[in-house]
Amino acid sequence: MIEDLRTLVEVESPSRDPDALTASAETVAAVIKSRLGGKAVLVESEAGPHVHWSGGGDPRVLILGHHDTVFPLGTLARRPFRVEDGRATGPGVFDMLGGLVQAVHGLAALDDLCGVEILVTADEEVGSGSSRALIEERALACGAVLVFEGAADGGGLKTGRKGCGTFRVSIAGRASHAGLEPAAGVNALVEAAHQVLDIAALGRPEIGTTVTPTVAAAGTLDNVVPAEATVVVDVRVESAEEKDRIEAAFAALAPHLDEARITVEGAVGRPPMPESASAELFAVARKVRPGIEGVAVGGGSDGNFTAALGVPTLDGLGAVGGGAHADHEYVVVEAMAERANLVTGLVTAIRSA
C-alpha cells in the first residue's frame, strides 16, 4: 500500500493542468489494473481524463474519488513523499490519494468484484464541472456510493456535508483624479465596502449558513478613484431552503452609491448532503466496524451530487490523517490496512443486502 501511495504521489496532478492530469490518470489506471485486473478506461474531458473501472455484472456500488490535487507543479521537489514516525507525507497524500490506495487494496481482498465500479475524477478540487454528469450517471446506475475523501478528525466517517458555492461580485464605478476631482468619480472601492457588509450579514451561523467574503481587489494607482472592484465570497449551507435564500439575496444586491453598477456571478454549486442520505450506509459501516463515529462537516465533495439524487452516499472513507491542502498534510500509516478492511466489509455487505 505504501509503495502504491508513493507511485501516485510522485506523479503530480494539479487541477487544470491537462498534461499532468493525463499522466496522473494513466498512473491511477495502472495501479487499479495491477491490483484488480480488468481494464481501467480513461474518459477524456476538458478538465483532463477521468478513470473508470468496472468489475462487471450488474452495478451495485460506486467507489468515488478524484486524482487532481491543489498543489502546483514543483511542490513534490520541495516536499517529496516520505514515511517517517508513522506518517506518510507528500502533496495530495491525504486529499485524496491515500483513500484511493485503501479503496483499491480493500477491493483486492475480495474474491469476486462483480457489481463494483470505480470512478476517479480529474476536477473535484475545482468544482467537478466536467465530471458531474458522469458521477451522477454512475451513481444512479449503482444505487450506492462510497466516497474516499479523507476521514474526519479521529477517523470518523462523514455522514453529512454542507452545500457550498462561490460568488463573485463585480463593481463598476468611474475613475477620476483623487486629488483634483474626487467627487467626479464613482468610487468602486467604497461601494465594495458597503457590499462586503451587506453580504456578510446574510450569514445565519445558528442554522449552519456561513457567508464569508474571502478575496477583494480594487484600484490601480494611489491617486486615482478606483473604477472597478471585485469581492469573492465563500458560502456554505445545510439546507436547500438556505441555498435558495442565499442565491436570491445575491441576485438582489443593489448599489449604495449613485451610478455604481453591480454584477453577480456564481451559485451554491454543490447541493447539501443531508445526514439522511448516509443513514443506511452508515448503519452498515457500524455493523462492519462497531463504534466507528460519524460527523457532519462543512466542506463539500462529489458525494454532495450523488446524495442530492437520493442515492445512498457515505463519505470520509479515505485516509486517516489531516492537513488537507496544507504543507503539513499527512496520512497515519498504521490506520491504512484497517481502512482497507472496512472497504472489504462494506462492499461485501452492500452486495449481499
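Analyst: Quick ground rule: helices (H or I, at least four residues) and strands (E, at least two) are DSSP runs, numbered from the N terminus. This is a predicted model, where local features need pLDDT of at least 70, side-chain atom pairs count only at pLDDT 80 or more, and totals for chains, interfaces and linings use all residues. Residues are numbered from 1 along each chain as its sequence is written, and side-chain values use heavy atoms, with hydrogens and water left out.

User: Okay, where does Met 96 sit, and what is odd about the peptide bond leading into it?

Analyst: Met 96 is part of helix H4. The bond from Asp 95 to Met 96 is cis, with omega near -5°. Most peptide bonds are trans.

User: Why are H2 and H4 called roughly parallel?

Analyst: Helix H2 covers residues 18-36 and helix H4 covers residues 93-108; their axes come within 9 Å and cross at roughly 20°. Axes are lines fitted to C-alpha atoms (for helices, over the stretch in contact), and angles run from 0 to 180 degrees between N-to-C directions. Under 35 degrees counts as roughly parallel, over 145 as roughly antiparallel, 65 to 115 as roughly perpendicular, and the rest as oblique. That is why H2 and H4 get the label roughly parallel. Their crossing is right-handed (the near helix is turned clockwise from the far one by less than a right angle; anticlockwise would be left-handed).

User: Which residues make H2 and H4 a contact pair?

Analyst: On the H2 side you'll find Val 31, Ile 32, Arg 35 and Leu 36, and they meet Val 104, His 105, Leu 107 and Ala 108 of H4. Contact here means heavy atoms within 4.5 Å. By class, that patch has 6 nonpolar, 1 polar and 1 charged residues. (Ala, Val, Leu, Ile, Met, Phe, Trp, Tyr, Cys and Pro count as nonpolar, Asp, Glu, Lys and Arg as charged, and the others, Gly among them, as polar.)

User: How do you know that H1 and H2 are roughly antiparallel?

Analyst: Same check. The axes of H1 and H2 cross at roughly 160° and come within 9 Å, and that angle therefore makes the two helices roughly antiparallel. This crossing is right-handed too. Asp 4, Thr 7 and Leu 8 of H1 touch Thr 27, Val 28, Val 31 and Arg 35 of H2, a group of 3 nonpolar, 2 polar and 2 charged residues.

User: What makes Arg 35 and Asp 4 a salt bridge?

Analyst: The rule wants a side-chain nitrogen of Lys or Arg within 4 Å of a carboxyl oxygen of Asp or Glu. For Arg 35 and Asp 4 the N to O distance is 2.7 Å, so the pair passes the cut-off. It links distant parts of the chain, with Arg 35 in H2 and Asp 4 in helix H1 (residues 2-9), 31 residues apart. The structure holds 17 salt bridges.

User: And why is H4 called oblique to H10?

Analyst: H4 and helix H10 (residues 336-352) pack at about 55°, their axes 7 Å apart. That angle makes H4 oblique to H10. The contact includes Val 101 and Gln 102 of H4, and Met 336 and Arg 339 of H10. Its residues divide into 7 nonpolar, 4 polar and 1 charged.

User: What makes S4 and S15 edge strands?

Analyst: Their sheet is open, antiparallel and ordered S4-S5-S16-S15. Strands S4 (82-84) and S15 (321-322) each have a single partner strand, so one side of each is left without a neighbour in the sheet. Two strands pair if DSSP finds at least two bridges between them. S4 and S5 (residues 87-89) have 3 bridges, so they qualify. One of the partnerships is Val 83 with Ala 88. H4 lies across S5, S15 and strand S16 (330-332), at about 40° to S16.

User: How do you know that S7 and S14 pair?

Analyst: Strand S7 (residues 145-147) and S14 run parallel and are joined by 2 bridges, so they just meet the rule of at least two. Leu 146 has Leu 314 as its bridge partner. They belong to an open sheet of 6 strands, S1-S2-S6-S3-S7-S14, with mixed pairing. Its edges are S1 (40-43) and S14 (313-314). H2 packs on this sheet, touching S1, S2 (50-54) and S6 (116-121), and makes about 15° with the direction of S2.

User: Last one: what makes Ser 128 unusual?

Analyst: Its phi is near 65°, a positive value in a residue other than glycine. Most residues other than glycine have a negative phi. Ser 128 lies in the loop between S6 and helix H5 (132-142).
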